[in-house]
Amino acid sequence: MRLGTGIGWRPEIAEAVENMPGIEWVEAVAENVCPGHLPESLVRLRERGVTVVPHGVSLGLGGAERPDAGRLAALAERVTALGSPLVTEHIAFVRAGGPLTASPRLEAGHLLPVPRTRDALDVLCENVRIAQDALPVPLAVENIAALISWPGEEMTEGQFLYELADRTGVRLLIDVANLHTNQVNRGEDAAKALAELPLEAIAYVHVAGGFERDGVWHDSHAHPVPQPVLDILTDLASRVSPPGVLLERDENFPERAELERELGAIRGALEKGSAERRASATEASAAASPEGASRGARERETVREQGAAGVEGLTDPARQRLGLAQAALLSALVAGTPVPEGFDRVRLGVQARALAGKRADVVAKVAPELPVILGDGYRGAFLAYAHGHPMSDGYRRDALDFAGYLLAEGRLEDALVRAELREWWLERSGPKPRSGRPGVRLARATRRVLLRR
């Protein structure tokens with residue numbers, strides 16, 4: 001299926017996307033779409049024949065537990081509502097703990113890397129098969145960016161993805177920005193990863209920007225696409241013609257003209273790679289002969305042979321071993337427990353701070369009243385709270401728990417701020433729904449106005 005050139009649809013740039021020339025398809029974050037109340041912009045795009053692909057972020061297919069049936073059903077519902085030809089998710093874990101490990105359940109609020117081990121691959125393959133059976137269209141899974149590496153990994157990223165696709169038939173969403181991130185942060189050769197991939201399994205490609213700070217690359221999706229990422233895209237296009245390529249931008253949205261320039265740079269990188277592919281057709285044909293087989297292909301075959309014994313007979317002990325390892329790592333990142341043996345303590349600290357910062361940012365979006373009520377003190381107060389209070393549910397629950405903590409612990413010296421925060425908290429988490437009578441609502445609104453003066 002050919003998708004062409006697309007862009008990530010976000011409410012902030014919905015109008016720009018609708019009026020952008022050459023957009024053949026868009027991708028929407030699945031969890032941000034309500035099937036019964038689709039955004040009018042997406043409806044108009046669908047009516048024009050623009051393909052919309054839902055992109056999930058919360059399944060946690062790389063986690064130790066089997067995929068949640070409710071999350072799968074919700075994702076399937078979005079696929080149907082959007083009339084999508086495929087659906088995508090991530091090779092990542094997003095939560096850990098719980099009954100499997102007899103430990104508190106923790107939420108990362110972020111996509112965390114899966115160890116490239118036999119246990120993790122076996123669990124991931126079974127989870128992918130469960131998801132494939134529950135979804136009405138083909139599934140594609142995305143490689144993620146990471147700040148940290150697991151100790152004792154048994155495969156490269158390319159080998160891991162190759163065997164995953166080989167064993168399950170799942171399609172691959174290759175994010176070239178994530179390959180660049182892992183090249184900088186984990187010393188993984190992006191070209192080697194591309195050489196080891198099953199190119200025929202690629203569903204489409206992501207391209208995004210980021211920034212480097214203190215030798216660490218942050219996959220921000222809030223900055224222009226840098227040249228090294230475009231170079232990796234050209235390398236990929238020199239090997240295969242990707243069915244689709246999509247520009248991702250999640251924050252710090254530029255003007256429409258800037259987005260169009262980035263899409264133009266992406267098209268240019270694809271054209272350059274395509275020209276290189278045509279020019280080297282003869283050499284590629286020779287390399288495909290038995291005597292010219294690439295080292296990457298030989299390594300892939302070796303990995304498949306070594307892992308053949310693990311394809312069948314997946315047992316729950318593999319899930320428990322993976323679950324214990326993931327719970328220990330996530331607990332160190334969000335609850336301040338000791339760093340598991342073999343991990344880079346400095347990098348774990350960077351990742352922990354990044355998770356807390358993202359958590360503060362998302363809570364501010366989910367509950368925008370909190371930064372208004374708390375003013376300049378919001379971020380510092382939330383980061384102090386996050387240090388000792390891991391997220392155990394979604395971001396909306398996190399916002400309520402944060403406000404409840406400030407009120408219960410007497411952390412607010414300003415009586416007016418405390419009163420306004422209490423009013424906000426009661427509106428959303430009181431023991432019973434607050435009265436909706438016009439007179440009562442007017443009194444509450446008047447009180448809020450007076451408290452702000």
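What is the handedness of the crossing of helix 6 and helix 8? A few notes on this predicted model follow, beginning with that pair.

1. The crossing of helix 6 and helix 8 is right-handed. Helix 8 covers residues 227-239, and its axis and that of helix 6 come within 9 Å, with a crossing angle of roughly 115°.

2. If you would like to look at the side chains of this pair, helix 6 brings Val176, Ala177, Leu179 and His180 to the contact. Across from them, helix 8 presents Pro228, Val229, Ile232, Leu233 and Leu236. By class, the contact of helix 6 with helix 8 counts 8 nonpolar residues and 1 polar residue, with no charged ones.

3. Next, the internal space. Searching the whole structure turns up 1 cavity of 30 Å³ or more. The volume of the largest cavity is about 120 Å³. As background, rolling a probe the size of a water molecule over the atoms shows where empty space is left.

4. Which residues line the largest cavity? The lining is made up of Ile91, Pro113, Val114, Arg116, Asn143, Ile144, Ala146, Glu157, Phe160, Leu161, Asn182 and Arg186. Sorted by class, the lining holds 7 nonpolar, 2 polar and 3 charged residues.

5. Helix 6 (176-186) appears here again: this helix and helix 5 (157-168) each supply at least two residues of the cavity lining. Helix 5 gives the most, with 3 residues. Helix 6 therefore has a part both in the lining of the largest cavity and, through residues such as Val176 and Leu179, in the contact with helix 8.

6. Two backbone angles may also interest you. Most residues other than glycine have a negative phi. Asp214 is not a glycine, yet its phi is positive, near 55°. Asp214 sits in the loop that links strand 10 (211-213) to strand 11 (216-218). Its relative accessibility is 76%, so Asp214 counts as exposed.

7. His221 is the other residue to look at here: its phi is also positive, at about 60°, and it is not a glycine. You will find His221 in the loop between strand 11 and helix 8. Is His221 buried or exposed? With a relative accessible area of 11%, His221 falls under the 20% cut-off and is therefore buried. Asp214, by contrast, is exposed at 76%.

How values were computed
Residues are numbered from 1 along each chain as its sequence is written. This is a predicted model: local features need pLDDT of at least 70, side-chain atom pairs count only at pLDDT 80 or more; totals for chains, interfaces and linings use all residues. Side-chain values use heavy atoms; hydrogens and water are left out. On a 1 Å grid over the protein atoms alone, a cavity is a set of points where a 1.4 Å probe fits but cannot get out, and a pocket is an open set with protein on both sides within 12 Å along at least five of seven lines; lining residues have an atom within 4 Å of a point. Grid points are joined across faces, edges and corners, and a volume is the space filled by probe spheres set on the points. Helices (H or I, at least four residues) and strands (E, at least two) are DSSP runs, numbered from the N terminus. Ala, Val, Leu, Ile, Met, Phe, Trp, Tyr, Cys and Pro count as nonpolar, Asp, Glu, Lys and Arg as charged, and the others, Gly among them, as polar. Axes are lines fitted to C-alpha atoms, for helices over the stretch in contact, and angles run from 0 to 180 degrees between N-to-C directions. A crossing is left-handed if the near helix is turned anticlockwise from the far one by less than a right angle, and right-handed if clockwise. Contact means heavy atoms within 4.5 Å. Buried means under 20% relative accessible area, exposed over 50%, partly exposed in between (1.4 Å probe, protein chains only).
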